[in-house]
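Reader: I am a first-year student, and I would like to take a close look at a single part of this model. Could you please guide me through it in one connected answer?

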Amino acid sequence: MPLRQSIRLGGYLLRQKLLRREKFALLVELEPLFACNLACAGCGKIQHPASVLKQRMPVEQAVAAIEESGAPMVSIAGGEPLMHKQIDEIVRQLLARRKIVFLCTNALLLPKHLHKFTPHRNFAWMVHIDGLRERHDASVCKDGVFDEAVAAIKQAQAAGFRVMTNTTFFDTDTPQDVIDVLDYLNDELGVDNMQISPGFAYEKAPDQEHWLGPEETRQLFAKAFAGGRRKKWRLNHSPLFLDFLEGKTDFACTAWAIPSYSLKGWQRPCYLMEDGYVGTYKELLEDTDWSAYGRGKDPRCANCMAHCGYEPTAVVATMGSLRETIRAAVGS
């Protein structure tokens, strides 16, 4: 992350510690709609009924939820957020409240809507790129999407926006696949930061066969990161989370730190699993048995090493160690 954002996040974490808060939100996954213009094999969002796919979250509701959580960062996802007619207004109001905002998109609609947004130091496009051309197009189940996404990224960069990418890996990916796509995004396309994650078995996803297990995940990233290779990539992760991915350390899940708010309310326990919804963030924190989730606790969590559960654990662990804080600061 940019140094100013890292400092702000560090200040927020310090305040939580001084206030002796055990659970708090670092980032909210905001889903103001479920509709999408793609039908990706690893995503089950568009499996919702047509009546739900037509719904759009009002601006006031979206902003109020983020304010209620107190989180300094917001990741706006979906569905495809650019299908929401007021998405630019949601972004503007969140930025006015000094939130750090990431707008997730497959980028197909980005050229059409780019003019509605203004570059801001706390705003970044988060474009999904699940591999190079053939791999990405297979993942999104549509030819030509990779080239359109790359063209949209270049257009946003030329307009002065920060652009990040999010890449999900499956058991069909090899260490060389990881290296190739990160080299391309880092060196050739020149995006500001890259986010990576092993795929999680969404219950409603069309593809239920190609999820990575923990040992497969560790082997994949250990080989891809070998020889200090990961240091040259502008990865948007704490060093400890990257250590976690390649099996150098282990963490418990802290899903409460990256809660999900959608048209249905606050999702229990995280955006990857659906154990009901509540109306307020306070209810989510207080009425959820967080000790029941995570690898070794809930069978559905057995293969999960996703950033939404384990990155916040790594961030809190970083803040609790002078050595790791310095290590993270040097990376920033």
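Reader: I should like to begin with Asp173: is this residue buried or exposed, and in which salt bridge does its side chain meet a partner?

Author: Asp173 is buried, its relative accessible area being 8%; the word buried stands for under 20% relative accessible area, exposed for over 50%, and partly exposed for what lies in between, with a 1.4 Å probe and protein chains only. This is a predicted model, in which local features need pLDDT of at least 70 and side-chain atom pairs count only at pLDDT 80 or more, while totals for chains, interfaces and linings use all residues. Residues are numbered from 1 along each chain as its sequence is written, and side-chain values use heavy atoms, with hydrogens and water left out.

The side chain of Asp173 meets that of Arg135 in a salt bridge, at 2.9 Å from N to O. A salt bridge here is a side-chain nitrogen of Lys or Arg within 4 Å of a carboxyl oxygen of Asp or Glu. Asp173 lies in the loop between strand 5 (162-169) and helix 8 (175-188), and Arg135 lies in helix 6, so the pair ties together parts that are 38 residues apart in sequence. Helices (H or I, at least four residues) and strands (E, at least two) are DSSP runs, numbered from the N terminus.

The loop between strand 5 and helix 8 also holds Thr172. Thr172 has a relative accessibility of 44% and counts as partly exposed. The C-alpha atom of Thr172 is separated by 8.8 Å from that of Leu212, 40 residues apart along the chain.

From Arg135 the view passes to its helix. Helix 6 (residues 133-140) packs with helix 7 (residues 145-158) at an angle of about 105°, and their axes are 8 Å apart. Helix 6 is therefore roughly perpendicular to helix 7. Axes are lines fitted to C-alpha atoms, for helices over the stretch in contact, and angles run from 0 to 180 degrees between N-to-C directions. Angles under 35 degrees count as roughly parallel, over 145 as roughly antiparallel, 65 to 115 as roughly perpendicular and the rest as oblique.

On the side of helix 6, the contact is made by Arg133, His136, Asp137 and Val140, and on the side of helix 7 by Val145, Phe146 and Asp147; contact means heavy atoms within 4.5 Å. By class, this contact of helix 6 with helix 7 has 3 nonpolar, 1 polar and 3 charged residues. Ala, Val, Leu, Ile, Met, Phe, Trp, Tyr, Cys and Pro count as nonpolar, Asp, Glu, Lys and Arg as charged, and the others, Gly among them, as polar.

Within this contact, the side chains of Arg133 and Asp147 meet in a salt bridge of 2.9 Å, N to O. Arg133 belongs to helix 6 and Asp147 to helix 7, so this pair ties together parts that are 14 residues apart in sequence. Arg133, at 47% relative accessibility, counts as partly exposed, and Asp147, at 37%, also counts as partly exposed.

A search of the whole structure finds 17 salt bridges. Glu215 and Arg218 form a salt bridge whose closest N and O atoms are 3.6 Å apart; both lie in helix 9 (residues 214-225), 3 residues apart, about one turn of the helix. Elsewhere, Arg230, Asp243, Glu246 and Lys248 are linked in a network of salt bridges.
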